[in-house]
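Work through the exercises below with the model open. Try each task before reading its solution.

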Amino acid sequence: MWDRLLTNAKLATMTAGSYSLIDDAAIAVTGRNIAFAGKMSTLSDAPENLANAVTNLNGRLVTPGLIDCHTHLVFAGNRAGEFEARLNGASYEDIAKAGGGIRSSVTATRAASEDELVALAEPRLLDLMMEGVTCVEMKSGYGLDIESERKMLRVARQLGEENAIRVKTTFLGAHALPPEYEGDADGYIQHICEKMMPQLADEGLIDAVDAFCEGIGFSPAQTRRVFEAAKSLGLPVKLHAEQLSDLGGAALAAEYGALSADHLEYLSDADINAMAASGTVAVLLPGAYYTLNETKMPPINALRKAGVPMALATDMNPGTSPMRSLLLAMNMGATIFRMTPEEALLATTANAAKALGLDGEIGTLEVGKRADIAVWNVDSPGELTYWLGGNPLAFSLFEGVPAMVADAAFDI
């Protein structure tokens, strides 16, 4: 007997790089995994004879649970004042040079306790979960000293343990230069590589390593040192690359087999070719593009033609993307970046899983994969990108267990 069987569904399995729709379908769960996904007509017996719990979905859409593969969800304070300053003409670089930007979030986050950070972050996480998100990446990078970076990563781990969601942690010590290392970026990179990263990795707090390779961040040479240290520890890498200028960061990331290169507004053809060769995912972040009033779009057509898998994420952070909705990120990916709705859903399921190194485990509806499942009150998958506002989620399962129930019609 299966543990749970969802019948009379429309499955968007997200296999083979498409919706891969199955009408008049059912999906079954045993333990933590998907045990069946296919046509109702291929079931071996009546549903009630096959599972301990049977739920009739009456034609509702079923997708893999959504994946937010780039967030800075753990932080204290906000930067609404900087948002207003940008609207009044200040640039991102102006704000950073004046002591704002990332450093202001560092000050607030360093001052907050772990309990305070949990209390601040959990509502943000629940917003994502209520929209069918079953996996989220959380970066450090607002601590910039070992105690505060540890605190952020511990909070991320705790959020995953206390909620029905998968959390992947990314160490972003090379996010900005802390005040105690003013004028000594190389010294700080050495500290990251020799002290912070090895110790936090030894404590089991790091799933991947990231850096901000940019004129107001760290140089390609400094980023390479971070990547070498990560490689020595057996940790996969990611990179904030080509957001404000072209430094060849994406090609550098691809050289190290990076899981993803993220932002990419100023991506060159050479970077694209390198990413295509390495299988590095392009994580596109329309929330930051929109909030910063950027005008240069990521080269979507070139990425598409080169076969580079594209993911979308909220980039949830207090400064440049205060976005708490992955469905909105999907809509913006379509309306601003001109992705198709099919590409937008692939970007938050199969391709987002690949950007976290989890494509063998989640991201598609296939037998043997984890039963991370979202059920929607819509008729077609394109509606998930179409609607602005409202929440079409009926309910979600995380590893086969009910995670969020948004529709009172379901008692599961």
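**Exercise 1. Strand β9**

Which residues point one way from strand β9 (residues 208-211), which the other way, and are they buried or exposed?

*Solution.* Start with the ground rules. This is a predicted model, in which local features need pLDDT of at least 70, side-chain atom pairs count only at pLDDT 80 or more, and totals for chains, interfaces and linings use all residues. Residues are numbered from 1 along each chain as its sequence is written, and side-chain values use heavy atoms, with hydrogens and water left out.

Next, the terms. Strands (E, at least two residues) and helices (H or I, at least four) are DSSP runs, numbered from the N terminus. Buried means under 20% relative accessible area, exposed over 50%, and partly exposed in between, with a 1.4 Å probe and protein chains only.

Now the strand. Ala-208 and Asp-210 point one way from β9. Val-209 and Ala-211 point the other way. All are buried. In a regular strand the side chains alternate between the two faces of the sheet.

Then find the neighbour. Strand β8 (residues 166-174) runs parallel to β9, joined by three bridges. Two strands pair if DSSP finds at least two bridges between them. Thr-170 has Ala-208 in β9 as its bridge partner.

**Exercise 2. The four-stranded sheet**

Determine the strand order of the open sheet that contains β10, and name its edges.

*Solution.* The sheet has four strands in the order β10-β11-β12-β13, with parallel pairing. Look for strands that pair on one side only: these edge strands are β10 (238-241) and β13 (310-312). From one strand to the next, the twist averages 25°. The axes are lines fitted to C-alpha atoms, for helices over the stretch in contact, and angles run from 0 to 180 degrees between N-to-C directions.

Zoom in on one pair. Four bridges link β10 and β11 in the parallel sense. His-240 has Asp-262 in β11 as its bridge partner.

**Exercise 3. The sides of helix α9**

Sort residues of helix α9 (residues 269-278) by burial, then find what the buried ones pack against.

*Solution.* List the buried residues: Asp-271, Ile-272 and Met-275. They cover an arc of only 100° around the axis, which puts them on the same side of α9. The arc is that of the directions from the helix axis to the C-beta atoms. Turn to the other side of α9: Asp-269, Ala-270, Asn-273 and Ala-277 are exposed there.

Now the packing. The buried residues of α9 pack against α8 (249-255), β11 (260-263), β12 (281-284) and α11 (300-306). Finally, check the helix end. Gly-279, just after α9, takes a positive phi of about 80°.

**Exercise 4. Loop residues around α12 and α13**

Place Asp-315, Phe-337, Arg-338 and Thr-348 in their loops and classify their burial.

*Solution.* Asp-315 is in the loop between β13 and α12 (326-335). Asp-315 is buried, at 2% relative accessible area. Its phi is near 55°, a positive value in a residue other than glycine.

Phe-337 is in the loop between α12 and α13 (341-347). Phe-337 is buried, with a relative accessible area of 1%. Among the residues that Phe-337 touches, beyond four places in sequence, are Leu-284, Tyr-289, Pro-298 and Met-332. Contact means heavy atoms within 4.5 Å. Phe-337 and Pro-298 are 39 residues apart in sequence, yet 7.6 Å apart in space, C-alpha to C-alpha.

Arg-338 is also in the loop between α12 and α13. Arg-338 is exposed, at 58% relative accessibility. Arg-338 has a positive phi near 65°.

Thr-348 is in the loop between α13 and α14 (350-355). Thr-348 counts as buried, at 0% relative accessibility. Leaving aside neighbours within four places in sequence, the contacts of Thr-348 are Gly-65, Leu-66, Ile-67, Leu-312, Leu-326 and Met-330.

**Exercise 5. The β15-β16 hairpin**

Describe how β15 and β16 pair, and find the positive phi in the turn.

*Solution.* Strands β15 (residues 393-398) and β16 (residues 401-405) pair in the antiparallel sense over four bridges. Phe-398 stands opposite Val-401 in β16. Two residues lie between the strands of this hairpin. In the turn, Glu-399 has a positive phi of about 50°.
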